[in-house]
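These are my notes on the model, set out as numbered points. They take up the metal sites, then some individual residues, and then the internal cavities.

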Amino acid sequence: MLLDIIDNLPRLRLSTAHFKLILWLLNQAGVQHVPSYDAFRKTQEELTSMCASEPVHCVSSVGNHFYVNDPRETIKQQFANPEVAQHFNFYPEETDESISEVWQAERWKEYDPSDLTPMYSSNGKQFYINEVAMLHDDRLVIPLLWVKRHGILHADCNMVDIDNDGRWIRDTTVHSIPAEQFVLNYLEVIGTLEIQKIPWKEMPNPKRKLVDEDEDLYVVMIPIWADDVSGNKSKQYNKHINLYMENSNLPARLLQQEYFVNFLSTSPHASSPEQFSEIRKIVNETQTNPIRCFNADTKRRCRVILRVPSLPADNPQQSEEASHIGGNSNKFCRRCNVGGTHEEKGSNEGYHSLFSVGISRSASQTIEILNKQLNTAMTGVASHVKAIQTETGVKDKVTEYWIDLLLKKANQIHKDNPRKAQEEVTTELTEWLESQPGDKTNPLLDIAGLDPTKDTPVEILHTILLGIVKYVWHMFHSKLSEEEQRVFTARLQSTDTDGLTIPPLRAAYIMQYRNGLIGKHFKALMQTMVFHVHDLVTPDEFEIIKAVGELGAMLWVPEIKDMEQYLRDLEVRIGNVLDAFSKVDPNKIACKIKLHLLPHIISDCRRYGPAIHNSTEIFECFNAVFRMCSILSNHQAPSRDIARKFASMDRLKHLLSGGYWFYKGEWIQSSPLVRRLLHTDVVIQQHLGWTPPPDIQYGKVIPLSKVKSTAIDWSQTCASSAYLQEIKSKIWNFNRAVIAQSGDVCVKGSWIAVEYGHNAKCRAIGRLTEILTPQVPVEGDPTFVLTMENFIVGEHRHPHFDMPVLRRPAEQDQLPCYLVIKPEEILFRLSVQHDCRLTGCKLTGSRVVLQEHQKTSQRMSVLSHVDDSSYIINTHALHNATLLRCFLPRPLIEPKYLIPDRQSFHFETATKYREARMAEIDDTAVSESTPSMPVKRRRKNKAMEGDQSEKSGQIGKRKRTEAADSTNDISENEDIV
Ligand SMILES: [Zn+2]
Ligand SMILES: [Zn+2]
């Protein structure tokens, strides 16, 4: 068993050679019963056949072979896994409180009630919607929809009355009735009431036919993610297209863990539509033949229908999935119909329209356009097809394959028989096309309840961090002189990272590799950059940095407190980012799809909840696991090997977490000894990407280690000046940290928000200075004494940063300098930065440079702060962003439009955009006539701008040109020429 674990750790893949070496080591160490390598593999195979599944072999319509880990098996395993099944939620939820889960947002509610989980099961009885049922008070109802309200399952119902003549009458008013009031279901009502036939023909619910009488029926939502990723760690690109899924019936906090990412398929040959086609087949099959599962939570048998609610991916992939031509086209948005030719985009109205969401696309419209393209291809004129594609922005990889064939065939027919009428040719080719097997369009256009033109939510890792933050960063660093770079590096390094929960900032590294940064660097820059750029940027550029920081802090939130207010604020923030960009570079708005996509985030948040749910960060991490599997595959059958390995890892997870499997007629699970491993063994948890549910012990004080422990005389503590009661203990010990209500670990120097005093009436923000315990407990003394420096939140925002400011109490405030608080009174930790801009802090300090943990003779300059009293609350910080906004008075954080009259501003910038374009055309014309002009160089410079590829920084990722961006600049130039 332990060997099986070692062999199946996702984060630590062993080669055969390593594994044999471990077996050898065990033998040498005198361990008994060590199996031979072959015997071990055989045992694994037996285990697999018993409680896991083999990957399914598939051949796509164009003849590519690949393997799929059947999502049905994955779902089956999840249901049979008590660790997982207990967390399932099957019903949409309406809540007045904060929205953190996808089922609380709108997306699930868009489905027809019968396409959601149509029944509620209690004591082995199923209450289906659209069937008569009886409540505990003998009233008859027809439930229409099962929905959670404030955490309790309810049904929206119509009441049913039987009149004196025995007729059944249905009242169409909708009542909300808690599930627990349902007593008799339809079958029982018919059995007990001896009624004349119920007048409604559609009863019982036809879905009952899909299940056996004692089975429950559930609907599970699986977002599917596609990505291309290199199978190599080295630079050599070994392209694979991968599909993963997650079960979004699970709470978001679980889905942020690698443990809950499921691998579907990979192939170096088959494209994503080919792989999607297989998945579609499976998903559609579950509609008529739901998956048979054992629910480890209810210990009942059930059937499961799959639905795909969304397709998270990076932008080029999402464009492909939505049958969209890509981000560098005239109609550059996959979600709506904005854009057009350069003239259209450059007109006042056209330019203005790019700042908001245009008329939505839809799957049915897209199919229509694709059919039109196929028909046009039958005339044999390629340019006509292309014209439709440019005009509509609709282009489909699968259809493209058929268009090519049709064009060739049509031309052949015309050549062989020039007199043949086009009508005849079309009829002939239509018949031919219909007789061909396989998809003619993107398979995703044909999944019930999914519309790829709407359900490709904007993904914030690629669009924000690797998109607009990257633009900002490029705009900033490309203009710096060497000296300015040094200044910025030193300032950045001096950032107080406490309260930011980012890894230590390596400013010198960031500057040195400024063109190859990855997501985590941009995440750190987004939250800190604004404090360090004074004197290095123009006021307009500063506005962009500020606007992007504010927007970021709104997007990386795990929950949304008040959806309507949040969306209004988000609209302002997004508007500000766009306006700030267009002020500096009007061209960006017309060519960067990632900027235009921002307004789409508003409807995404309404439909899916917090934007981080659609972030692919966790999948991107999982790519590392994939890569290790790929490297250790023998490359003869990579798709099968990798799929098998993932299945094997899933099997191990299943065994360890006490999952059930069907064995000799009953459902069994592994022994308690094995099951205990996952709960108690931290090493195993880490390797499986599993975090046990957090158990926040707020108010807990963590002592210093014995070696570091120090003591202080009470009279010398800051607390002694602020503590009002008498203290008996003389000597007090320092502690290391204290846990806040939010779970944050606060140490000395941490900025904290507290609620203290009677009934927690008083609120304050300050800096933690002492965490004390008496060396010898004395009765009457408090167990802990915490001291914080008291700061006052300024009435007005900072004139430059727009952030709330902190200052020390002055005499007229009549407030104490220190506050003594109890450990449990700390709410959360926050990020506060020194106001270096105001006080003019200089790089006068210096610090020894460390290399290999050794001090070197080199010194680097550091910022020395002029005073210790001017501070700014960093509202760009992602950590606790929601808590902070609830804590502060609304006027201090309410977003305001940068430019009040946006439309006239857009018209103005449109003029600048047109002028700039005219100048560019002239410029190009000149350079074309004089070959010595370095056209190439200019293009290259443009291409360098920010984002050759949204992935360029990621290790092992392909250098794909993100169609939307750099290539855009080049192709536009070429268009003009
Ligand atoms: Zn759009
Ligand atoms: Zn300073």
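1. Histidine 834 is a sensible place to begin: in this predicted model its relative accessible area is 6%, and because the limit for a buried residue is under 20%, histidine 834 counts as buried. The residue is one of the donors of the zinc ion (ligand 2), which is coordinated by His834 through ND1, Cys836 through SG, Cys841 through SG and His865 through ND1, at 2.0 to 2.3 Å.

2. What is the arrangement of the donor atoms around the zinc ion (ligand 2)? The 4 donor atoms subtend angles of 99 to 122°, and the arrangement is therefore tetrahedral. For reference, the ideal angle at a metal with four tetrahedral donors is 109.5 degrees.

3. Along the chain, the donor residues of the zinc ion (ligand 2) follow the spacing H-x1-C-x4-C-x23-H. Histidine 834 belongs to strand S30 (residues 832–834), whereas histidine 865 sits in the loop between strand S32 (854–864) and strand S33 (871–873), so the two histidines tie together parts that are 31 residues apart in sequence. The two also deserve separate descriptions with respect to accessibility, since histidine 834 is buried at 6%, while histidine 865, at 37%, counts as partly exposed.

4. Aspartate 496 should be read together with this site, given that its C-alpha atom is separated from that of histidine 834 by 8.3 Å, although the two residues are 338 residues apart along the chain. Aspartate 496 is found in the loop between helix H18 (482–493) and helix H19 (507–512), and with a relative accessible area of 27% it is partly exposed.

5. The loop between H18 and H19 also holds threonine 501, which has a positive phi of about 45° although it is not a glycine. This is worth a check by eye, because most residues other than glycine have a negative phi. Threonine 501 has a relative accessible area of 48% and is accordingly partly exposed.

6. Asparagine 130 calls for a similar check, as this residue, which is not a glycine, has a positive phi of about 60°. Asparagine 130 is placed in the loop between strand S5 (125–128) and strand S6 (133–135), and at 29% relative accessibility it counts as partly exposed.

7. Which residues hold the zinc ion (ligand 1)? Its protein donors are Cys333 (SG), Cys336 (SG), His596 (NE2) and His600 (NE2), lying 2.0 to 2.2 Å from the metal, and the angles among the 4 donor atoms run from 103 to 115°, giving a tetrahedral site. In sequence these donor residues are spaced C-x2-C-x259-H-x3-H, and cysteine 333 and cysteine 336 are both buried.

8. Glycine 575 lies in helix H22 (residues 563–584) and is buried, with a relative accessible area of 3%. A contact across the sequence can be noted here, in that glycine 575 and tyrosine 897 are 322 residues apart in sequence and 7.4 Å apart in space, C-alpha to C-alpha.

9. Turning to internal space, the structure holds 8 cavities of 30 Å³ or more, and the largest cavity has a volume of about 220 Å³. This cavity is lined by 19 residues, of which Glu246, Ser248, Leu255, His613 and Asn614 are the closest to its centre. Helix H8 (252–255) and helix H26 (617–631) each contribute at least two residues to the lining, which by class has 11 nonpolar, 6 polar and 2 charged residues.

10. Where does the largest cavity lie with respect to the domains? Both domain 1 (52–112 + 206–312 + 629–695) and domain 4 (460–479 + 537–615 + 899–976) give residues to its lining, so the cavity lies between them.

11. The second largest cavity encloses about 140 Å³ of space. Residues that line this second cavity include Thr74, Gln77, Gln78, Asn81, Tyr259, Phe260, Asp650, Lys653 and His654, and helix H4 (71–79) and helix H27 (638–656) each supply at least two residues of the lining. By class, the lining of the second largest cavity has 3 nonpolar, 6 polar and 2 charged residues.

Terms used:
Residues are numbered from 1 along each chain as its sequence is written. Chains are lettered from A and ligands numbered from 1 in the order in which they are written. This is a predicted model: local features need pLDDT of at least 70, side-chain atom pairs count only at pLDDT 80 or more; totals for chains, interfaces and linings use all residues. Side-chain values use heavy atoms; hydrogens and water are left out. On a 1 Å grid over the protein atoms alone, a cavity is a set of points where a 1.4 Å probe fits but cannot get out, and a pocket is an open set with protein on both sides within 12 Å along at least five of seven lines; lining residues have an atom within 4 Å of a point. Grid points are joined across faces, edges and corners, and a volume is the space filled by probe spheres set on the points. Helices (H or I, at least four residues) and strands (E, at least two) are DSSP runs, numbered from the N terminus. Ala, Val, Leu, Ile, Met, Phe, Trp, Tyr, Cys and Pro count as nonpolar, Asp, Glu, Lys and Arg as charged, and the others, Gly among them, as polar. Domain bounds come from an automatic or database domain assignment. Donors are N, O and S atoms within 2.8 Å of the metal (3.2 Å for Na, K and Ca); water is not among the atoms, so sites may look incomplete. Four donors count as tetrahedral if all angles lie between 85 and 135 degrees; four count as square planar and six as octahedral if opposite donors are over 155 degrees apart and all others between 65 and 115; anything else is irregular. Buried means under 20% relative accessible area, exposed over 50%, partly exposed in between (1.4 Å probe, protein chains only).
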